[in-house]
Each structure stands twice: as C-alpha cells, then as structure tokens.
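Reader: Hi! Could you walk me through this structure, one piece at a time?

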Amino acid sequence: MRICSFASGSSGNCYYIGTEKTNILIDAGISGKRIIEGLKEKVGISGKELDGIFVTHEHIDHIQSLGVLARRFKTPLYATRGTWEGMKNKLGRVDSDLCNTLHSKGSLEMGDINIEWFPTSHDANEPVGFLLENENKYVGLATDTGMINKRMVNALFNIDALFLEANHDEKMLLSGSYPTYLKKRIRSSKGHLSNVAAGQALLELVNVKTKSVFLAHLSQENNLPSLALKTVKDILNEHKIDCTFDLQVAPRSQASTCIKI
Ligand SMILES: [Zn+2]
Ligand SMILES: [Zn+2]
C-alpha cells in the first residue's frame, strides 16, 4: 500500500491510502484544488481515479471539499449515520446514490482493500477511526479523539503504519491564549489527544511489524513538531521500545512524502 498525508491539523485534514488498483481518501478537509494537486504530484493519479472518500466526522476541517469532489468526480462518500446527520446542509447537493452509510461495527471491501471502522471519542455526532488492509498490511488512522480506549487499541490491530493524533503539548495549551472553555474542551475525553497520550497509546499499538508512524492533527498554537516528536520518543525510550519504525509529523499545510508499506 501507498500512504500519504495531504494536510493534517485544525485547518484541514486529508489522507490518501491506496494500492495499484484502489485509491481511497480519508477526509477532504482542504480545497478540492489542493487534493487534486496532491493526488497528481504525490500519487500520480487524477481525481477520477478515486474509489471512495471515507469521513471521520462532520467538523469542517474534515469535510471542506467533500461535496465538490463528489459532484466533480462522482466519488462515492462513506460516513456514519451521525456524521451524515451532522453534514446536512454543509456539502451542497450530492447525488443520494453517492452517499453511503457506515453502520456501527462494520467493514467493507473496496477493490483490493478491506476497510474497518471503529468509534473514536470526540465532540461530534458519531466519529470514527479507520483500519485499512491489503495483502496482510494494515494502515490505521485515529485522529480527533480525546482518548485511546481498549476498544480502539483492539481495533488498531497489527498495524504496519499509523496516523495518530498528537494534538497538543499540555503545558503549551494550559499556558496559551485559548479561552478556558476551549482549553477544557480540547483536554476532555471528547477532545483531542495530547503528545503524552499519543506516546502512551503507541506503547500499546506498535509491534514488530510497524514501519511507519505519522503524528497527526498537531495544533499550530499549542504544539511544535519537534516537541511532539521528542515527547513521544522519550516515552517510547522510557519503556525500552526500540524506535525502529519511522516516526514523523504529518505536516499541517503541505503534503508529506508518499511512503510504501
Ligand atoms: Zn479535526
Ligand atoms: Zn474534530
């Protein structure tokens, strides 16, 4: 599989996961133009070749160009019932036969990729994370979640690559300029994952197969890429986990390198 982040953070999220046969996006929270450029430059495909866009939740940084892409390329969209409810009136007109509902605890096959979804913990209607599999290689994605619980650990089984939220540094958030209600929201179990929480989650998630981890959805205000990497590495070192996998930050406003797993 090939994976790439086109953008990651509160100003927009979009991730590509695909094979020679199947091309999938998770979220479309940046402009359609940037997504089309990313597909062309990083993956070498056109928008027409997209097989589906899976949506984690209805916040605008995840759905900005969903309607545009569906109209232009007739790309099927996949979201939970709650997410569809939350996206009502936000996408413009989309053909109903492009709108597919992900029922709870499910999986589906698209081309040669198997996709599973699982609930995340976030202040949205029915947010989910994803696990995609092709030829026994697994790629997971868990962003916009206030915590990683046992169920999510179990769902993110046997990963070869992972996009994991490392949203904020606790100290930067607490001493930063955000109003109290927003700090509280971000820190809650339905908010966003801190660097420390991401590091602790990785202790349970990485295994000998894991080749690549992207720290994702970093806050511009309350985090720094170098700090997120250091915090996570320190936690892994403390627990004597050999960081043999590639650990990098998914850039906020540009595409990451496209990697093969
Ligand atoms: Zn978000
Ligand atoms: Zn969100």
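Reader: Let's start small: which residue stands opposite Tyr15 in E2?
Author: That is Ser5. Likewise, Cys4 stands opposite Tyr16 in E2. Before going on: this is a predicted model, where local features need pLDDT of at least 70, side-chain atom pairs count only at pLDDT 80 or more, and totals for chains, interfaces and linings use all residues. Residues are numbered from 1 along each chain as its sequence is written, chains are lettered from A and ligands numbered from 1 in the order in which they are written, and side-chain values use heavy atoms, with hydrogens and water left out.

Reader: Thanks! How do E1 and E2 pair?
Author: Strand E1 (residues 2-7) and strand E2 (residues 14-18) are antiparallel, with five bridges between them. Two strands pair if DSSP finds at least two bridges between them. Strands (E, at least two residues) and helices (H or I, at least four) are DSSP runs, numbered from the N terminus.

Reader: And what links E1 to E2?
Author: They form a hairpin with six residues between them, and Gly9 in the turn has a positive phi of about 140°. Another hairpin, through four residues, joins E2 to E3. E2 and E3 are also antiparallel, over four bridges, and Gly18 has Asn23 in E3 as its bridge partner.

Reader: Is E2 buried or exposed?
Author: Five of the five residues of E2 are buried, so the strand is largely enclosed by the rest of the structure. Buried means under 20% relative accessible area, exposed over 50%, and partly exposed in between, using a 1.4 Å probe and protein chains only. Both faces are covered, with Cys14, Tyr16 and Gly18 on one side and Tyr15 and Ile17 on the other.

Reader: What lies across these strands?
Author: Helix H1 (residues 32-43) lies across E1, E2 and strand E3 (23-26), at about 145° to E1. Contact here means heavy atoms within 4.5 Å. The axes are lines fitted to C-alpha atoms, for helices over the stretch in contact, and angles run from 0 to 180 degrees between N-to-C directions.

Reader: How do they fit into a whole sheet, and which strands are at the edges?
Author: The order is E6-E5-E4-E3-E2-E1-E14, an open sheet of seven strands with mixed pairing. Strand E6 (99-102) and strand E14 (259-260) stand at the edges with a single partner strand each, so one side of each has no neighbour in the sheet.

Reader: What about the sheet with E7 in it?
Author: That one is open too, with seven strands in the order E7-E8-E9-E10-E11-E12-E13 and mixed pairing. Its edges are strand E7 (107-110) and strand E13 (246-249). Neighbouring strands there are turned by 20° against each other on average, direction ignored. Inside this sheet, E8 (residues 113-119) and E9 (residues 128-134) run antiparallel, joined by six bridges, and Phe118 stands opposite Gly129 in E9. Helix H8 (residues 195-205) lies across strand E11 (161-165) and strand E12 (212-216), at about 155° to E11.

Reader: Switching topic: what holds the zinc ion (ligand 1)?
Author: Its protein donors are Asp61 (OD), His62 (NE2), Asp144 (OD) and His217 (NE2), at 2.1 to 2.2 Å. Donors are N, O and S atoms within 2.8 Å of the metal (3.2 Å for Na, K and Ca); water is not among the atoms, so sites may look incomplete. Both Asp61 and His62 are buried.

Reader: And the zinc ion (ligand 2)?
Author: His57 (NE2), His59 (ND1), His122 (NE2) and Asp144 (OD) coordinate that ion, at 2.2 to 2.6 Å. His57 is buried, at 1% relative accessible area, while His59 is partly exposed, at 21%.

Reader: Which residue coordinates both, and how far apart are the ions?
Author: Asp144 does, and the two zinc ions are 3.5 Å apart.

Reader: What geometry does the site of ligand 2 have?
Author: The site is irregular, with angles of 89 to 173° among its four donor atoms. Four donors count as tetrahedral if all angles lie between 85 and 135 degrees; four count as square planar and six as octahedral if opposite donors are over 155 degrees apart and all others between 65 and 115; anything else is irregular. The site of ligand 1 is irregular as well, with angles of 91 to 167°.

Reader: Last one: how many disulfides are there?
Author: Zero; a disulfide is a pair of cysteine sulfur atoms within 2.5 Å. For Cys4, the nearest cysteine sulfur is that of Cys258, 4.7 Å away. The sulfur of Cys14 is 8.9 Å from its closest one, in Cys4, too far for a bond.
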